[in-house]
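Visitor: I should like to understand the reasons behind the terms used for this protein chain. Please take me through them one at a time.

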Amino acid sequence: TLRKPISQSSMADWASKNLNMHTQGIFRRRISISNMLSWNGGSIKKPMLITSNRTIKKEACEMFKLVQSYMGDRQTRMDRNHVALVTVTKCWSMQGLRDELYVQLIRQTTDNTCYRSLAWGWELMAISLAFFSPSPKFQSYLEGYIYRHLDSDENIAQRIKELVDMKNKKNSKSRKKRKQNTEDEGLPISTYAKYCYRKLQKVAITGGKKGLRKPTVEEITHARNAIVTPSLFGSSLEEIMLRQQDMYPGNKLPWVQTQLSQQVLALGGEQTEGIFRIPGDIDEVNALKLQVDQWRIPSSLSDPNIPASLLKLWYRELEEPVIPQQFYKECISNYENPDAAVAVVQLLPELNRLVLCYLIHFLQIFAQPSNVGRTKMDVNNLAMVMAPNCLRCQSDDPRIIFENTRKEMSFLRMLIVHLDTSFIEGLV
């Protein structure tokens, strides 16, 4: 459930306290907040946000030029992929630049009379959200801005027309250097906004790209493609099955689930100490994620912890957990009752039931005594590491979360020990 974002008046209040008010002209007259947050064709002499960090001050002004270059409002010799890479890498490396970038993008996508430039600004916002989140204090401001564009296509076209007409009246005799148009030179803005809204919810929780390896051009391209082609990670089970319909029409289970599970076993995961508990190298996990999202499993894999970590991530990032939210109470109410726990599984939607049964069948392999001796991961340990990826507590109360964590583990343990999953063998 998406919470209602803060009101526009609250945002104006936030802007008055946090914007680094710019001046213009020989008398250094202060620019109004509305002008500070409207498209600007020139450069900026200081950051959009108040900061005392000298490096941030310098980098912010350079970044504004990069934003303009990506949006086609400034000439550059770099291609747009490289511009996006430089911009994203700056912010990924320097946390203090992240809110600055989002404010700059808000500015350049407000009252912008060029539809192509506007669309590319939203595209850069979508790409950025794949790598880092805004700060918690700025998140609701950005969320509110995106929210107002979820169904705004007609309003945007009308607003561009009004702005162009106003400029034409003012500059009737002058030649306009900037291309002004309302033709469709990109996706509808609402498409970008809907993607950004969902992405913001997720990145605020996950924190974006992790690891030491800097962003790559491949990751930039992947982030852009994800706007139109949903990723296999973070989507719903239904979306994933729909995506694989053309390539694997006969499959009853998500390709990503079966392939990663088989990779863990193929690399001897059931004989690897600490499997599912010891994380794989985060940069290698990120690299594999990129490949899997392109329906490829590299033959160079050697460490079973890499596909095991990615498999856990896939379950954890599902838009809705494997056990849907409406069954959560039944699960934690029947955490000590084997028959009732198994009965809950039978109530699940067919796709969720198959996906869960496949996972339990997979974990039952690791729970065999001959494997536990090697992995040191008995049924309790397996339930402990996997329960958070299957069930999601919605409460914010730490006491309830703590209490329910124990029940979630116990419920999954019941399934590993008592659920008959023999029918799943051979199913793909």
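Guide: We begin with the term "domain": the bounds of a domain come from an automatic or database domain assignment. The model before us is a predicted one. In it, the assignment gives domain 1 (8-166 + 188-228) and domain 2 (237-424), and their C-alpha centres lie 37 Å apart.

Visitor: How do you know that domain 1 and domain 2 are in contact?

Guide: Contact requires heavy atoms within 4.5 Å. By that criterion, 11 residues of domain 1 are in contact with 9 residues of domain 2. About 860 Å² of area is buried between domain 1 and domain 2, and carbon and sulfur atoms give 49% of this area. On the side of domain 1, the residues that lose the most area to domain 2 are R198, R213 and H222, which together make up 51% of what that side buries.

Visitor: What does the UniProt record list for residues 235-423?

Guide: An unreviewed UniProt entry lists these residues as "domain: Rho-GAP". Over residues 235-423 the chain is 61% helix and 0% strand, with the end C-alpha atoms 27 Å apart. The chain as a whole has 20 helices and 2 strands.

Visitor: Why is the span of helix α4 said to agree with what is expected?

Guide: Helix α4 covers residues 80-93, and its 14 residues should span 20 Å at 1.5 Å a residue. The end C-alpha atoms of α4 are 20 Å apart, and therefore the two values agree. Helix α9 (residues 189-206) can be treated in a similar way: its 18 residues reach 25 Å from the first C-alpha to the last, close to the 26 Å expected. Just after α9, G207 takes a positive phi of about 85 degrees.

Visitor: Which residues of α4 are buried, and what do they pack against?

Guide: The buried residues in α4 are V83, A84, L85, T87, V88, T89, C91 and W92. They pack against α3 (54-70), α5, α6 (115-129) and α10 (217-225).

Visitor: Why is L105 called buried?

Guide: A residue is buried when its relative accessible area is under 20%. L105 has a relative accessible area of 0%, and so it is buried. L105 is found in helix α5 (residues 98-108). Leaving aside residues up to four places away in sequence, L105 touches V67, G121, L124 and M125. Of the 428 residues of the chain, 51% count as buried.

Visitor: Why is C91 in no disulfide?

Guide: A disulfide is a covalent bond between the sulfur atoms of two cysteines. To be counted, the two sulfur atoms must lie within 2.5 Å. The closest cysteine sulfur to that of C91 is in C61, 13 Å away, and therefore too far for a bond. C357 is likewise in no disulfide, as the nearest cysteine sulfur, that of C390, is 12 Å away. By this rule the count comes to 0 disulfides.

Visitor: Are C91 and C357 buried or exposed?

Guide: C91 has 0% relative accessibility, so C91 counts as buried. C357 has 1% relative accessibility, so C357 counts as buried too.

Visitor: What share of the contacts with a separation of 6 or more joins residues 24 or more positions apart?

Guide: Such residues account for 77% of those contacts in the chain.

Technical notes. Residues numbered from 1 in each chain as written. Predicted model: local features only at pLDDT ≥ 70, side-chain atom pairs only at ≥ 80, totals over all residues. Heavy atoms only, no water. Helix = DSSP H or I, 4+ residues; strand = E, 2+ residues; numbered from the N terminus. Expected span 1.5 Å × (residues − 1). UniProt positions renumbered as here; feature names shortened; annotations may be inferred. Buried < 20%, exposed > 50% of the residue type's maximum accessible area, 1.4 Å probe, protein only. Buried area = accessible area lost by both parts, 1.4 Å probe.
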